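I opened the model to look up charged pairs, enclosed spaces and one aromatic side chain. My entries follow.

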Amino acid sequence: MNAPDSTENTSWASDRHRRSVLWIVALSTAAIVFDGYDLVVYGTVLPTLLADSAQLGALDPETAGALGSYALIGVMVGALTAGAYGDRIGRRRTMLTCIVWFSVGMGATALAQNITMFGILRFLTGIGVGGLVATVGAMIAEFAPPGRRNLFNAIVYSGIPAGGVLASLAAITLQDSIGWRGLFWIGALPLFVLLPLALLRMPESPRWLLAHGRVADAQQICARTGIPMPEAEPAITGDRVGFAALARKPLLRPTALLGLMSFSGLLLTYGLNTWLPQIMSEAGYNAKGSLSFLLVLNGGAIIGGLIASRVADRTGPQRVIAVTFCLAALSLVLLTLNFPLGVLLVAVAGAGIGAIGTQVLIYGFVSNYYPTTARAAGVAWCAGFGRLGGILGPLLGGILLGAGIASSTAFYIFAVVALLGALVTTAVPAVRALRQSDRVSSEPVKVAE
């Protein structure tokens, strides 16, 4: 397990330092909210699209599950692309590009007239979303004081379930008046609201500048923002940058394990967010009642994720993630036992903490695990490879429901995935042991360009 962070610095160098970092955290959180919105808005409109063929065409559960996965394939492509270039071109440029990309994609999706165009635009929108997810973790890891990194990462990535809450509330209150297309238009708002603020208040990372030999630029940013000049990092990846550094020791094995952790977390996250409303609808709840379960799922993830992040700053994130995975497994089993509504809502909240909240913690763990020269690639790998789990989650739910299999079977399968995620988490090497024991090979591993 990783050593606790409680002994590390949690203080601010000045009021200007605090304001600069809080601006970065706020802008990153606002951007990530729309990742969560994009994730959940499809689940909120899915019952409408399934019930009314006049919207996009006739949909069956299998096709609907595939449509839910197209965006996730785009997210995987976008995350891996951002990982390939984010460690080379910088955090700021990558983030601004992604905000524009996914905003335009959401607006275009609102105009889709058939299933094929809807699926293509969901894929293209996902590229921008994936690049953003892979970039903000690196940003926060490089700006936050060390003793606050898990908390600030949790705040930023809690934007994912917060976006889910926003999508659920928007669907409950607005769908009757603006329709499903109006819900997608809401997803285009960052282009007009968030982008101008990010252009003004989002600086480049001094750590990234320093790692690329741009000392004068790093000093200029630090002088303007009040951020302390970062110290040089130990070179554990030789002269390799980005994905090339991940493909050799000492990062090869932990990168594989971290990817499997993210695979498990995102399978649970996307599977539940896509199919929970439909499962509860088939269990007898009306449309708004089914969406309320989605609201509780994501609300529980926000509150539980923030509390767990504070514990992670004191005890280390690894053991906390293992525990929350186990909480997901227990909660999902409880959902199959026909308890009263109040108990079911508590179980749904627990599933939200253990699935979505766990993924929030994983992003923070991964962001702080890697050195600056491989940080964007490491986060991108976990976001990108993890999206394979996200792709499988909606497909798995669609296949099971399309085959007429009881919803309890889906919950049992998701519970097993959560337990496997907990086991993988315990096998990740500690960062300090990684850096102390490694001897970087003098013969570089060749990686395809």
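**Salt bridges.** I find 3 salt bridges in the structure, each a side-chain nitrogen of Lys or Arg within 4 Å of a carboxyl oxygen of Asp or Glu. This is a predicted model, where local features need pLDDT of at least 70, side-chain atom pairs count only at pLDDT 80 or more, and totals for chains, interfaces and linings use all residues. Residues are numbered from 1 along each chain as its sequence is written, and side-chain values use heavy atoms, with hydrogens and water left out.

I looked up Asp-38 and Arg-122: their closest N and O atoms are 2.8 Å apart. Asp-38 sits in helix H1 and Arg-122 in helix H4 (residues 115-143), so this pair ties together parts 84 residues apart in sequence. Helices here are DSSP runs (H or I, at least four residues), numbered from the N terminus. Asp-38 is buried at 4% relative accessibility, and Arg-122 is buried at 3%. My cut-offs are under 20% relative accessible area for buried, over 50% for exposed and in between for partly exposed (1.4 Å probe, protein chains only).

Next I took Arg-91 and Glu-142, whose side chains meet at 2.5 Å, N to O. Arg-91 in helix H3 (residues 91-109) and Glu-142 in helix H4 are 51 residues apart. Arg-91 is buried at 1%; Glu-142 is buried at 5%.

I also noted Asp-217 with Arg-214, at 2.9 Å, N to O. Asp-217 is partly exposed at 30%, and Arg-214 is partly exposed at 39%.

**Cavities.** I searched the whole structure and got 3 cavities of 30 Å³ or more. A cavity is a set of points on a 1 Å grid over the protein atoms alone where a 1.4 Å probe fits but cannot get out; lining residues have an atom within 4 Å of a point. Points are joined across faces, edges and corners, and the volume is the space filled by probe spheres set on them.

The largest has a volume of about 80 Å³. Its lining includes Asp-38 and Arg-122. The second largest has a volume of about 40 Å³. H14 (341-369) gives the largest share of that lining, 4 residues. Leu-39 and Tyr-270 are in the lining of the largest cavity and in that of the second largest.

**Trp-180.** Where is Trp-180 placed? I find Trp-180 in helix H6 (residues 159-186). Trp-180 is buried, at 3%. Beyond four places in sequence, its contacts (heavy atoms within 4.5 Å) include Val-45, Leu-49 and Phe-118. The C-alpha atoms of Trp-180 and Leu-46 are 9.2 Å apart, across 134 residues of chain.

Key
Helix = DSSP H or I, 4+ residues; strand = E, 2+ residues; numbered from the N terminus. 1 Å grid on protein atoms, 1.4 Å probe; cavity = no way out; pocket = protein on both sides within 12 Å on 5 of 7 lines; lining within 4 Å.
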